[in-house]
Amino acid sequence: MKLLKQIFYFRGIKIGKKEKVVSRMTVTILLLPFLLLFGLLTYLLFSQLSSNLYFLLVYFLFVVLVSSIGIFILYRLLHIKFWFFKKLSNRRLLYRHLLENKIYYPIKRKDQPDKIKLPNVYLKQNKYTIVVTFQLEGRQFQDKFLNIGGALEVMYSADMMGRIDEKGYISYVYSADTILGRISAKDVRVVDKGLILMEDVFWDFVHNPHLLIAGGTGGGKTVLLRSILNGLLREGVVEILDPKQADFVSLAELPVLQDRVVFEVADMIDKIIEFKENMEMRYATMRQLQKEKNQKELGNFQEYELKPAFLIIDEFPSLRAMMSEDRELMLEAERAMGALKQIILKGRQAGFFGVIATQNVKADDLPSTFKDNIMTRISVGRLSQFSYEVIFGEENKNKYFKYIEQINGERVYGRGYYGVFGSPAREFFSPELPEAKEFSFYDEFETLERLDLEFDKRNVVIETYTAKELSDELKLDYRVFKKYKSEFETAGQEFDKTFSMSDLIMFEKAISYKSSGKTYQVAISEAIL
Ligand SMILES: Nc1ncnc2c1ncn2[C@@H]1O[C@H](COP(=O)(O)OP(=O)(O)OP(=O)(O)O)[C@@H](O)[C@H]1O
(Lines give C-alpha, C1' and ligand atoms only; values in the text may rest on other atoms or scores of the structure.)
Protein backbone atom coordinates (compact mmCIF):
# COMPACT_ATOMS: atom_id res chain seq x y z
CA MET A 1 0.00 0.00 0.00
CA LYS A 2 2.78 2.38 1.05
CA LEU A 3 4.70 1.52 -2.09
CA LEU A 4 1.64 2.07 -4.27
CA LYS A 5 1.17 5.45 -2.64
CA GLN A 6 4.76 6.34 -3.43
CA ILE A 7 4.42 5.24 -7.06
CA PHE A 8 1.16 7.06 -7.65
CA TYR A 9 1.77 10.06 -5.42
CA PHE A 10 -0.18 12.95 -6.92
CA ARG A 11 1.92 16.09 -7.05
CA GLY A 12 -0.70 18.03 -8.94
CA ILE A 13 -1.46 18.80 -12.56
CA LYS A 14 1.59 19.08 -14.76
CA ILE A 15 1.91 22.50 -16.34
CA GLY A 16 2.06 22.39 -20.11
CA LYS A 17 0.90 23.93 -23.36
CA LYS A 18 -2.65 22.79 -22.64
CA GLU A 19 -3.04 25.83 -20.35
CA LYS A 20 -3.10 28.10 -23.40
CA VAL A 21 -5.41 25.75 -25.29
CA VAL A 22 -7.85 25.57 -22.37
CA SER A 23 -8.03 29.35 -22.21
CA ARG A 24 -8.81 29.57 -25.92
CA MET A 25 -11.40 26.83 -25.59
CA THR A 26 -13.12 28.72 -22.78
CA VAL A 27 -13.42 31.83 -24.94
CA THR A 28 -14.70 29.76 -27.87
CA ILE A 29 -17.35 28.10 -25.72
CA LEU A 30 -18.42 31.47 -24.36
CA LEU A 31 -18.66 32.74 -27.92
CA LEU A 32 -21.14 30.00 -28.90
CA PRO A 33 -24.33 31.46 -27.37
CA PHE A 34 -23.58 34.80 -29.03
CA LEU A 35 -23.01 33.10 -32.37
CA LEU A 36 -26.32 31.30 -32.03
CA LEU A 37 -28.18 34.41 -30.95
CA PHE A 38 -26.79 36.63 -33.66
CA GLY A 39 -27.07 33.83 -36.22
CA LEU A 40 -30.78 33.70 -35.55
CA LEU A 41 -31.13 37.48 -35.55
CA THR A 42 -29.24 37.74 -38.85
CA TYR A 43 -31.53 35.10 -40.32
CA LEU A 44 -34.60 37.09 -39.24
CA LEU A 45 -33.20 40.43 -40.44
CA PHE A 46 -31.61 39.03 -43.56
CA SER A 47 -33.75 40.96 -46.07
CA GLN A 48 -33.18 44.35 -44.33
CA LEU A 49 -29.47 43.71 -43.94
CA SER A 50 -28.91 42.72 -47.53
CA SER A 51 -30.74 45.78 -48.87
CA ASN A 52 -29.16 48.47 -46.67
CA LEU A 53 -25.37 48.77 -46.50
CA TYR A 54 -25.42 51.39 -43.73
CA PHE A 55 -27.69 49.19 -41.56
CA LEU A 56 -25.43 46.19 -42.24
CA LEU A 57 -22.38 48.12 -41.05
CA VAL A 58 -24.06 49.31 -37.85
CA TYR A 59 -25.42 45.80 -37.27
CA PHE A 60 -21.97 44.28 -37.72
CA LEU A 61 -20.39 46.73 -35.25
CA PHE A 62 -23.21 46.05 -32.80
CA VAL A 63 -22.66 42.28 -33.02
CA VAL A 64 -18.90 42.59 -32.48
CA LEU A 65 -19.33 45.04 -29.58
CA VAL A 66 -22.05 43.10 -27.74
CA SER A 67 -20.26 39.76 -28.21
CA SER A 68 -16.91 41.11 -26.96
CA ILE A 69 -18.40 42.89 -23.95
CA GLY A 70 -20.58 39.85 -23.20
CA ILE A 71 -17.66 37.44 -23.39
CA PHE A 72 -15.49 39.73 -21.28
CA ILE A 73 -18.13 39.98 -18.55
CA LEU A 74 -18.88 36.26 -18.57
CA TYR A 75 -15.19 35.38 -18.55
CA ARG A 76 -14.49 37.65 -15.56
CA LEU A 77 -17.61 36.47 -13.75
CA LEU A 78 -16.69 32.82 -14.12
CA HIS A 79 -13.20 33.51 -12.82
CA ILE A 80 -14.43 35.49 -9.83
CA LYS A 81 -17.31 33.19 -8.92
CA PHE A 82 -16.19 29.70 -9.79
CA TRP A 83 -13.32 27.95 -8.24
CA PHE A 84 -12.89 25.69 -11.27
CA PHE A 85 -12.04 28.68 -13.46
CA LYS A 86 -9.81 30.19 -10.80
CA LYS A 87 -7.87 26.97 -10.81
CA LEU A 88 -7.48 27.16 -14.58
CA SER A 89 -6.31 30.72 -14.35
CA ASN A 90 -3.72 29.80 -11.69
CA ARG A 91 -2.35 27.15 -14.02
CA ARG A 92 -2.21 29.67 -16.85
CA LEU A 93 -0.37 32.19 -14.68
CA LEU A 94 2.26 29.61 -13.86
CA TYR A 95 2.57 28.61 -17.52
CA ARG A 96 3.06 32.25 -18.50
CA HIS A 97 5.60 32.77 -15.75
CA LEU A 98 7.66 29.85 -17.02
CA LEU A 99 7.54 31.09 -20.60
CA GLU A 100 8.29 34.73 -19.88
CA ASN A 101 11.21 33.81 -17.66
CA LYS A 102 12.53 31.44 -20.30
CA ILE A 103 12.21 28.44 -18.03
CA TYR A 104 11.87 25.86 -20.81
CA TYR A 105 13.98 23.68 -23.07
CA PRO A 106 13.97 24.79 -26.72
CA ILE A 107 13.83 21.92 -29.17
CA LYS A 108 15.43 22.83 -32.48
CA ARG A 109 13.48 22.03 -35.61
CA LYS A 110 14.64 22.25 -39.19
CA ASP A 111 13.22 25.25 -41.09
CA GLN A 112 10.66 25.88 -38.37
CA PRO A 113 10.62 27.89 -35.17
CA ASP A 114 11.88 26.04 -32.09
CA LYS A 115 9.43 23.90 -30.16
CA ILE A 116 9.46 24.27 -26.44
CA LYS A 117 9.35 21.69 -23.69
CA LEU A 118 8.56 22.72 -20.13
CA PRO A 119 10.36 21.27 -17.12
CA ASN A 120 8.31 19.15 -14.71
CA VAL A 121 6.28 21.63 -12.72
CA TYR A 122 3.09 20.62 -10.92
CA LEU A 123 0.25 22.60 -9.46
CA LYS A 124 -2.05 21.20 -6.78
CA GLN A 125 -4.91 23.36 -5.56
CA ASN A 126 -7.60 23.10 -3.00
CA LYS A 127 -9.96 25.69 -1.64
CA TYR A 128 -7.41 27.74 0.30
CA THR A 129 -4.02 26.44 -0.73
CA ILE A 130 -1.89 26.31 -3.83
CA VAL A 131 1.09 23.94 -3.88
CA VAL A 132 3.63 24.36 -6.66
CA THR A 133 6.15 21.54 -7.03
CA PHE A 134 9.30 21.65 -9.11
CA GLN A 135 11.39 18.67 -10.06
CA LEU A 136 15.06 19.24 -9.23
CA GLU A 137 17.14 16.10 -9.81
CA GLY A 138 20.09 17.97 -11.25
CA ARG A 139 18.09 19.47 -14.11
CA GLN A 140 18.99 22.73 -15.78
CA PHE A 141 16.71 25.02 -13.74
CA GLN A 142 17.18 23.54 -10.30
CA ASP A 143 18.97 26.61 -8.87
CA LYS A 144 16.20 28.82 -10.14
CA PHE A 145 13.58 26.57 -8.58
CA LEU A 146 15.26 26.77 -5.20
CA ASN A 147 14.67 30.52 -5.16
CA ILE A 148 11.43 30.94 -7.05
CA GLY A 149 9.16 30.99 -3.96
CA GLY A 150 9.05 34.77 -3.54
CA ALA A 151 8.26 35.47 -7.20
CA LEU A 152 5.32 33.07 -7.14
CA GLU A 153 4.07 34.64 -3.91
CA VAL A 154 3.80 37.97 -5.74
CA MET A 155 2.37 36.34 -8.86
CA TYR A 156 -0.47 34.67 -6.96
CA SER A 157 -0.93 37.57 -4.52
CA ALA A 158 -0.79 34.83 -1.94
CA ASP A 159 1.08 34.13 1.26
CA MET A 160 3.80 31.56 1.32
CA MET A 161 3.06 29.23 4.19
CA GLY A 162 6.00 26.93 3.79
CA ARG A 163 8.52 25.23 1.60
CA ILE A 164 8.78 21.47 1.50
CA ASP A 165 12.05 19.88 0.51
CA GLU A 166 11.76 16.26 -0.49
CA LYS A 167 13.97 13.97 -2.45
CA GLY A 168 14.28 15.33 -6.00
CA TYR A 169 11.55 17.94 -5.58
CA ILE A 170 10.82 21.24 -3.94
CA SER A 171 7.31 22.45 -3.19
CA TYR A 172 6.04 25.87 -2.20
CA VAL A 173 2.78 26.09 -0.30
CA TYR A 174 0.68 29.25 -0.57
CA SER A 175 -2.56 30.28 1.01
CA ALA A 176 -4.76 31.93 -1.57
CA ASP A 177 -8.26 33.27 -1.80
CA THR A 178 -8.16 33.38 1.95
CA ILE A 179 -11.10 35.75 1.99
CA LEU A 180 -13.40 32.89 0.94
CA GLY A 181 -12.84 31.37 4.36
CA ARG A 182 -14.18 34.41 6.18
CA ILE A 183 -16.91 33.73 8.68
CA SER A 184 -19.46 36.03 10.26
CA ALA A 185 -18.87 37.62 13.66
CA LYS A 186 -22.16 35.94 14.64
CA ASP A 187 -20.59 32.51 14.20
CA VAL A 188 -17.46 32.76 16.31
CA ARG A 189 -17.61 29.81 18.70
CA VAL A 190 -15.33 27.42 20.52
CA VAL A 191 -15.33 24.08 18.68
CA ASP A 192 -13.15 20.97 18.98
CA LYS A 193 -10.17 22.57 17.27
CA GLY A 194 -10.41 25.80 19.28
CA LEU A 195 -12.01 29.18 18.73
CA ILE A 196 -13.03 29.34 15.10
CA LEU A 197 -11.98 32.62 13.48
CA MET A 198 -12.07 31.64 9.81
CA GLU A 199 -13.25 28.43 8.19
CA ASP A 200 -9.73 27.07 8.51
CA VAL A 201 -8.25 29.20 11.28
CA PHE A 202 -8.69 28.25 14.91
CA TRP A 203 -7.22 29.69 18.04
CA ASP A 204 -6.36 26.43 19.70
CA PHE A 205 -5.87 27.95 23.14
CA VAL A 206 -5.06 24.63 24.79
CA HIS A 207 -2.08 23.92 22.53
CA ASN A 208 -1.10 27.44 21.49
CA PRO A 209 -2.01 29.37 24.59
CA HIS A 210 -2.55 33.12 24.83
CA LEU A 211 -3.30 35.49 22.02
CA LEU A 212 -1.53 38.64 20.93
CA ILE A 213 -3.52 41.00 18.74
CA ALA A 214 -2.06 44.05 17.08
CA GLY A 215 -4.21 46.43 15.13
CA GLY A 216 -3.31 49.72 13.51
CA THR A 217 -5.87 52.50 14.05
CA GLY A 218 -9.12 51.75 12.32
CA GLY A 219 -7.78 48.35 11.27
CA GLY A 220 -10.60 46.44 12.89
CA LYS A 221 -9.16 45.48 16.27
CA THR A 222 -12.32 46.35 18.17
CA VAL A 223 -14.54 44.30 15.90
CA LEU A 224 -12.11 41.39 16.15
CA LEU A 225 -11.97 41.55 19.95
CA ARG A 226 -15.73 41.65 20.20
CA SER A 227 -16.07 38.73 17.80
CA ILE A 228 -13.64 36.78 19.93
CA LEU A 229 -15.64 37.72 22.98
CA ASN A 230 -18.72 36.33 21.28
CA GLY A 231 -17.09 32.90 21.27
CA LEU A 232 -15.30 33.04 24.60
CA LEU A 233 -18.23 34.23 26.72
CA ARG A 234 -20.07 31.02 25.88
CA GLU A 235 -17.15 28.87 26.93
CA GLY A 236 -15.80 30.33 30.13
CA VAL A 237 -15.22 33.35 32.28
CA VAL A 238 -13.94 36.49 30.58
CA GLU A 239 -12.43 39.43 32.45
CA ILE A 240 -11.63 42.62 30.55
CA LEU A 241 -9.24 45.48 31.19
CA ASP A 242 -10.05 48.50 29.06
CA PRO A 243 -7.59 51.22 30.10
CA LYS A 244 -8.67 53.60 27.35
CA GLN A 245 -12.32 53.19 28.37
CA ALA A 246 -13.01 52.73 24.74
CA ASP A 247 -14.38 49.51 23.41
CA PHE A 248 -15.81 47.61 26.34
CA VAL A 249 -17.22 50.17 28.73
CA SER A 250 -20.52 50.04 26.88
CA LEU A 251 -20.74 46.30 27.58
CA ALA A 252 -19.85 46.57 31.28
CA GLU A 253 -23.43 46.58 32.52
CA LEU A 254 -24.48 43.43 30.73
CA PRO A 255 -25.17 40.59 33.21
CA VAL A 256 -22.64 38.35 31.51
CA LEU A 257 -19.89 40.95 32.06
CA GLN A 258 -20.99 42.68 35.23
CA ASP A 259 -17.95 43.48 37.47
CA ARG A 260 -15.79 41.90 34.82
CA VAL A 261 -14.89 45.04 32.86
CA VAL A 262 -12.55 47.46 34.62
CA PHE A 263 -10.75 50.61 33.53
CA GLU A 264 -9.47 52.43 36.66
CA VAL A 265 -5.82 51.69 37.23
CA ALA A 266 -6.28 50.34 40.78
CA ASP A 267 -9.11 48.06 39.65
CA MET A 268 -7.08 46.78 36.74
CA ILE A 269 -4.17 45.96 39.02
CA ASP A 270 -6.53 44.11 41.39
CA LYS A 271 -8.12 42.24 38.50
CA ILE A 272 -4.77 40.91 37.26
CA ILE A 273 -3.70 39.82 40.72
CA GLU A 274 -7.08 38.20 41.33
CA PHE A 275 -6.86 36.37 38.01
CA LYS A 276 -3.45 34.99 38.95
CA GLU A 277 -4.76 33.93 42.37
CA ASN A 278 -7.65 32.19 40.68
CA MET A 279 -5.14 30.37 38.54
CA GLU A 280 -3.35 29.16 41.68
CA MET A 281 -6.68 28.17 43.15
CA ARG A 282 -7.44 26.26 39.97
CA TYR A 283 -4.15 24.35 40.30
CA ALA A 284 -5.05 23.49 43.87
CA THR A 285 -8.48 22.28 42.73
CA MET A 286 -6.97 20.21 39.97
CA ARG A 287 -4.54 18.69 42.41
CA GLN A 288 -7.38 17.67 44.70
CA LEU A 289 -9.21 16.13 41.77
CA GLN A 290 -6.04 14.36 40.68
CA LYS A 291 -5.80 12.78 44.13
CA GLU A 292 -9.49 11.87 44.15
CA LYS A 293 -9.08 10.20 40.78
CA ASN A 294 -5.87 8.53 41.85
CA GLN A 295 -4.04 9.84 38.82
CA LYS A 296 -0.29 9.68 38.61
CA GLU A 297 0.03 12.84 36.52
CA LEU A 298 -1.89 16.04 36.68
CA GLY A 299 -4.11 16.42 33.63
CA ASN A 300 -5.19 19.68 32.06
CA PHE A 301 -8.29 21.64 33.06
CA GLN A 302 -10.48 19.98 30.44
CA GLU A 303 -9.87 16.54 31.88
CA TYR A 304 -11.51 17.72 35.09
CA GLU A 305 -14.34 19.40 33.20
CA LEU A 306 -13.33 22.84 34.35
CA LYS A 307 -14.07 25.99 32.40
CA PRO A 308 -11.38 28.16 30.85
CA ALA A 309 -10.85 31.74 32.00
CA PHE A 310 -9.70 34.56 29.74
CA LEU A 311 -8.16 37.88 30.65
CA ILE A 312 -8.50 40.39 27.82
CA ILE A 313 -6.31 43.47 27.97
CA ASP A 314 -7.13 46.06 25.35
CA GLU A 315 -4.34 48.58 24.64
CA PHE A 316 -1.70 46.94 26.79
CA PRO A 317 0.82 49.83 26.44
CA SER A 318 -1.80 52.23 27.86
CA LEU A 319 -2.21 49.97 30.85
CA ARG A 320 1.53 49.99 31.43
CA ALA A 321 1.71 53.76 31.04
CA MET A 322 -1.12 54.23 33.53
CA MET A 323 0.57 51.89 35.96
CA SER A 324 3.88 53.72 35.84
CA GLU A 325 2.27 57.16 36.17
CA ASP A 326 0.61 56.38 39.49
CA ARG A 327 3.47 56.55 41.98
CA GLU A 328 1.39 55.43 44.94
CA LEU A 329 0.52 52.22 43.20
CA MET A 330 4.01 51.47 42.01
CA LEU A 331 4.58 48.42 44.16
CA GLU A 332 1.17 46.97 43.46
CA ALA A 333 1.66 47.63 39.76
CA GLU A 334 4.91 45.73 39.82
CA ARG A 335 3.15 42.85 41.54
CA ALA A 336 0.47 42.90 38.87
CA MET A 337 3.04 42.78 36.08
CA GLY A 338 4.69 39.83 37.82
CA ALA A 339 1.29 38.14 38.12
CA LEU A 340 0.59 38.73 34.45
CA LYS A 341 3.86 37.13 33.47
CA GLN A 342 3.02 34.13 35.65
CA ILE A 343 -0.34 33.79 33.93
CA ILE A 344 1.38 33.80 30.54
CA LEU A 345 4.02 31.33 31.71
CA LYS A 346 1.83 28.93 33.64
CA GLY A 347 -1.78 29.43 32.68
CA ARG A 348 -2.12 26.82 29.95
CA GLN A 349 -2.65 23.65 31.95
CA ALA A 350 -5.06 25.34 34.34
CA GLY A 351 -7.04 26.89 31.48
CA PHE A 352 -6.11 30.50 32.26
CA PHE A 353 -5.37 32.48 29.15
CA GLY A 354 -4.39 36.02 28.26
CA VAL A 355 -5.55 37.99 25.23
CA ILE A 356 -3.28 40.99 24.87
CA ALA A 357 -4.21 43.66 22.36
CA THR A 358 -2.13 46.61 21.28
CA GLN A 359 -1.73 49.10 18.46
CA ASN A 360 1.59 49.22 16.64
CA VAL A 361 4.29 47.68 18.79
CA LYS A 362 7.12 49.97 19.81
CA ALA A 363 10.51 48.96 21.18
CA ASP A 364 9.63 48.41 24.84
CA ASP A 365 5.91 47.83 24.59
CA LEU A 366 5.96 44.13 25.30
CA PRO A 367 8.00 42.32 27.95
CA SER A 368 10.06 39.48 26.56
CA THR A 369 7.94 36.94 28.51
CA PHE A 370 5.05 37.96 26.26
CA LYS A 371 7.13 38.01 23.09
CA ASP A 372 8.32 34.47 23.70
CA ASN A 373 5.34 32.80 25.33
CA ILE A 374 2.19 34.13 23.74
CA MET A 375 1.82 31.49 21.10
CA THR A 376 -0.96 32.73 18.82
CA ARG A 377 -0.66 36.06 17.06
CA ILE A 378 -2.98 38.10 14.87
CA SER A 379 -2.58 41.46 13.19
CA VAL A 380 -5.26 43.54 11.51
CA GLY A 381 -4.87 46.71 9.49
CA ARG A 382 -1.65 48.53 8.76
CA LEU A 383 1.30 47.97 11.08
CA SER A 384 4.91 49.10 11.01
CA GLN A 385 7.55 46.65 9.80
CA PHE A 386 8.95 46.56 13.33
CA SER A 387 5.56 45.51 14.72
CA TYR A 388 5.34 42.67 12.22
CA GLU A 389 8.80 41.51 13.21
CA VAL A 390 7.98 41.51 16.91
CA ILE A 391 4.60 39.87 16.46
CA PHE A 392 5.44 37.15 14.00
CA GLY A 393 9.06 36.58 15.02
CA GLU A 394 12.29 35.55 13.31
CA GLU A 395 10.59 32.91 11.19
CA ASN A 396 8.84 35.64 9.19
CA LYS A 397 11.72 38.08 9.03
CA ASN A 398 11.87 38.04 5.24
CA LYS A 399 8.16 37.88 4.68
CA TYR A 400 6.62 40.72 2.74
CA PHE A 401 3.63 41.87 4.81
CA LYS A 402 1.17 43.71 2.62
CA TYR A 403 -1.46 46.24 3.51
CA ILE A 404 -4.44 45.80 1.21
CA GLU A 405 -7.11 48.43 1.26
CA GLN A 406 -9.39 47.12 -1.48
CA ILE A 407 -10.24 43.76 -2.99
CA ASN A 408 -12.05 43.66 -6.34
CA GLY A 409 -12.72 47.37 -5.95
CA GLU A 410 -14.32 47.07 -2.50
CA ARG A 411 -12.92 48.47 0.74
CA VAL A 412 -11.83 45.62 2.92
CA TYR A 413 -11.87 45.68 6.72
CA GLY A 414 -10.18 43.47 9.26
CA ARG A 415 -7.51 42.07 6.94
CA GLY A 416 -4.20 41.08 8.45
CA TYR A 417 -2.10 38.09 9.36
CA TYR A 418 -2.38 35.10 11.63
CA GLY A 419 0.41 32.91 12.89
CA VAL A 420 1.54 30.61 15.62
CA PHE A 421 4.83 31.88 17.01
CA GLY A 422 7.71 30.22 15.19
CA SER A 423 5.68 29.26 12.11
CA PRO A 424 4.96 31.14 8.90
CA ALA A 425 2.28 33.79 9.15
CA ARG A 426 -0.66 33.63 6.74
CA GLU A 427 -3.25 36.06 5.51
CA PHE A 428 -6.19 36.55 7.84
CA PHE A 429 -9.61 38.11 7.60
CA SER A 430 -11.23 38.92 10.86
CA PRO A 431 -14.84 37.67 11.21
CA GLU A 432 -17.14 39.92 9.25
CA LEU A 433 -19.42 42.27 11.08
CA PRO A 434 -22.98 41.81 9.79
CA GLU A 435 -25.19 44.80 8.97
CA ALA A 436 -26.17 46.78 12.08
CA LYS A 437 -29.86 46.07 11.55
CA GLU A 438 -29.18 42.35 11.44
CA PHE A 439 -26.84 41.92 14.40
CA SER A 440 -25.48 43.75 17.41
CA PHE A 441 -22.92 42.43 19.87
CA TYR A 442 -24.78 44.12 22.69
CA ASP A 443 -28.06 42.36 21.93
CA GLU A 444 -26.28 39.07 21.40
CA PHE A 445 -24.33 39.26 24.66
CA GLU A 446 -27.49 40.22 26.52
CA THR A 447 -28.86 36.76 25.84
CA LEU A 448 -25.81 34.92 27.17
CA GLU A 449 -25.71 33.05 30.42
CA ARG A 450 -23.05 34.23 32.88
CA LEU A 451 -20.54 31.49 33.61
CA ASP A 452 -18.55 31.21 36.82
CA LEU A 453 -15.47 29.40 37.99
CA GLU A 454 -15.86 26.35 40.20
CA PHE A 455 -14.48 27.83 43.39
CA ASP A 456 -17.73 28.51 45.16
CA LYS A 457 -18.47 24.80 44.94
CA ARG A 458 -15.20 23.62 46.45
CA ASN A 459 -13.25 24.48 49.46
CA VAL A 460 -9.74 25.21 48.33
CA VAL A 461 -6.96 26.95 50.15
CA ILE A 462 -4.15 28.71 48.32
CA GLU A 463 -0.92 27.89 49.96
CA THR A 464 2.36 29.67 49.43
CA TYR A 465 5.77 28.39 50.35
CA THR A 466 9.12 29.91 51.12
CA ALA A 467 12.05 28.36 49.27
CA LYS A 468 12.90 26.27 52.33
CA GLU A 469 9.31 25.12 52.80
CA LEU A 470 9.03 24.21 49.14
CA SER A 471 12.22 22.17 49.16
CA ASP A 472 10.95 20.36 52.28
CA GLU A 473 7.57 19.74 50.65
CA LEU A 474 9.37 18.34 47.61
CA LYS A 475 11.67 16.29 49.86
CA LEU A 476 14.66 17.78 48.09
CA ASP A 477 18.00 18.73 49.50
CA TYR A 478 18.09 22.54 49.51
CA ARG A 479 21.10 22.68 47.17
CA VAL A 480 19.40 20.38 44.68
CA PHE A 481 16.28 22.51 44.94
CA LYS A 482 18.37 25.58 44.05
CA LYS A 483 19.77 23.75 41.05
CA TYR A 484 16.24 23.03 39.77
CA LYS A 485 15.24 26.61 40.43
CA SER A 486 18.15 28.03 38.47
CA GLU A 487 17.46 25.63 35.58
CA PHE A 488 13.85 26.83 35.51
CA GLU A 489 15.06 30.43 35.46
CA THR A 490 17.41 29.69 32.59
CA ALA A 491 14.41 28.28 30.73
CA GLY A 492 12.62 31.62 31.17
CA GLN A 493 10.50 30.97 34.27
CA GLU A 494 10.15 33.74 36.80
CA PHE A 495 9.38 33.24 40.47
CA ASP A 496 7.90 35.49 43.14
CA LYS A 497 9.44 35.82 46.57
CA THR A 498 7.17 33.06 47.79
CA PHE A 499 6.36 29.99 45.74
CA SER A 500 2.85 28.99 44.74
CA MET A 501 0.87 25.83 44.12
CA SER A 502 1.65 26.01 40.41
CA ASP A 503 5.38 26.22 41.23
CA LEU A 504 5.05 23.17 43.44
CA ILE A 505 3.35 21.22 40.65
CA MET A 506 5.97 22.30 38.14
CA PHE A 507 8.87 21.28 40.39
CA GLU A 508 7.22 17.93 41.13
CA LYS A 509 6.90 17.21 37.45
CA ALA A 510 10.53 18.11 36.78
CA ILE A 511 11.71 15.87 39.63
CA SER A 512 9.63 12.97 38.34
CA TYR A 513 10.91 13.40 34.75
CA LYS A 514 14.48 13.70 36.00
CA SER A 515 14.17 10.53 38.04
CA SER A 516 12.91 8.69 34.97
CA GLY A 517 16.30 9.30 33.39
CA LYS A 518 15.86 12.60 31.53
CA THR A 519 18.49 15.33 31.63
CA TYR A 520 17.84 18.45 33.69
CA GLN A 521 17.13 20.53 30.60
CA VAL A 522 14.65 18.08 29.12
CA ALA A 523 12.93 17.45 32.45
CA ILE A 524 12.62 21.19 33.05
CA SER A 525 11.33 22.04 29.60
CA GLU A 526 8.72 19.26 29.77
CA ALA A 527 7.65 20.28 33.25
CA ILE A 528 6.85 23.86 32.31
CA LEU A 529 3.11 24.12 32.60
N1 LIG B 1 -14.42 42.52 10.55
C2 LIG B 1 -15.06 43.59 10.09
N3 LIG B 1 -16.15 43.45 9.29
C4 LIG B 1 -16.79 44.53 8.82
N5 LIG B 1 -16.43 45.80 9.10
C6 LIG B 1 -15.38 46.01 9.87
C7 LIG B 1 -14.63 44.91 10.40
N8 LIG B 1 -13.63 45.41 11.13
C9 LIG B 1 -13.74 46.74 11.07
N10 LIG B 1 -14.79 47.12 10.34
C11 LIG B 1 -15.22 48.50 10.03
O12 LIG B 1 -14.16 49.39 10.35
C13 LIG B 1 -14.54 50.28 11.40
C14 LIG B 1 -13.37 50.46 12.37
O15 LIG B 1 -13.11 49.22 12.99
P16 LIG B 1 -12.65 49.10 14.49
O17 LIG B 1 -13.39 50.07 15.34
O18 LIG B 1 -12.71 47.67 14.87
O19 LIG B 1 -11.15 49.55 14.35
P20 LIG B 1 -10.05 49.71 15.45
O21 LIG B 1 -8.82 49.09 14.93
O22 LIG B 1 -10.53 49.24 16.77
O23 LIG B 1 -9.90 51.25 15.47
P24 LIG B 1 -9.37 52.18 16.66
O25 LIG B 1 -8.01 51.69 16.99
O26 LIG B 1 -9.38 53.54 16.00
O27 LIG B 1 -10.37 52.06 17.77
C28 LIG B 1 -15.77 49.63 12.04
O29 LIG B 1 -16.65 50.58 12.52
C30 LIG B 1 -16.39 48.88 10.89
O31 LIG B 1 -17.21 49.71 10.14
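These questions and answers walk through a predicted model, from its ligand site to its sheets.

User: How many residues surround the ligand, and which are the closest?
Analyst: The shell around the ligand holds 15 residues. The closest of them are Gly218, Gly220, Lys221, Thr222 and Pro431.

User: How do the residues of the shell around the ligand divide into nonpolar, polar and charged?
Analyst: Take the groups in turn. Three residues of the shell are charged and four are nonpolar. The polar group numbers eight.

User: How far is a polar side-chain atom of threonine 222 from an oxygen atom of the ligand?
Analyst: A polar contact needs N or O atoms within 3.5 Å. The side chain of threonine 222 supplies a polar atom, and the ligand supplies an oxygen. Their separation is 2.3 Å.

User: What percentage of the ligand's accessible area does the protein cover?
Analyst: On its own, the ligand has 620 Å² of accessible area. The share covered by the protein is 69%.

User: Which residue has a side-chain N or O atom 3.4 Å from a nitrogen atom of the ligand?
Analyst: Look at the ligand's nitrogen here, not an oxygen. The partner atom sits in a side chain, at 3.4 Å. That side chain belongs to serine 430.

User: In what order do the five strands of the open sheet lie, and is the pairing parallel or antiparallel?
Analyst: Strands of a sheet pair through backbone hydrogen bonds, and they can run either way. Strand 1 (13–14) and strand 6 (159–166) are the edges, each pairing on one side only. The order is 1-4-5-7-6, and the pairing is antiparallel.

User: What residue stands opposite glycine 162?
Analyst: Strand 6 and strand 7 (residues 169–175) run antiparallel, joined by seven bridges. Glycine 162 has its opposite number in strand 7. That residue is valine 173.

User: What angle does the direction of helix 5 make with that of strand 4?
Analyst: Helix 5 (residues 83–100) packs on the five-strand sheet. Helix 5 touches strand 1, strand 4 (121–125) and strand 5 (129–135). With strand 4, the angle is about 155 degrees.

User: Which are the edge strands in the open sheet of eight strands?
Analyst: The order is 13-12-14-15-11-16-19-20, with mixed pairing. An edge strand here pairs on one side only. The edges are strand 13 (261–262) and strand 20 (426–429).

User: Which residue in strand 13 is the bridge partner of leucine 241?
Analyst: Strand 12 (residues 237–241) and strand 13 run parallel, with two bridges between them. Leucine 241 has its partner in strand 13. The partner is valine 262.

User: Which residue in the turn between strand 2 and strand 3 has a positive phi?
Analyst: Strand 2 (residues 105–109) and strand 3 (residues 112–117) run antiparallel, joined by four bridges. They form a hairpin with two residues between them. The turn residue with a phi of about 55 degrees is aspartate 111.

Definitions and conventions. Residues numbered from 1 in each chain as written. Predicted model: local features only at pLDDT ≥ 70, side-chain atom pairs only at ≥ 80, totals over all residues. Heavy atoms only, no water. Near = heavy atom within 4 Å. Polar contact = N/O pair within 3.5 Å; in protein donor to acceptor, adjacent residues only side chain to side chain. Areas by Shrake-Rupley, 256 points an atom, 1.4 Å probe, with all protein chains shown as cover. Nonpolar A, V, L, I, M, F, W, Y, C, P; charged D, E, K, R; others polar. Pairing = 2+ DSSP bridges. Contact = heavy atoms within 4.5 Å. Axes fitted to C-alpha atoms, helices over the stretch in contact; angles between N-to-C directions.
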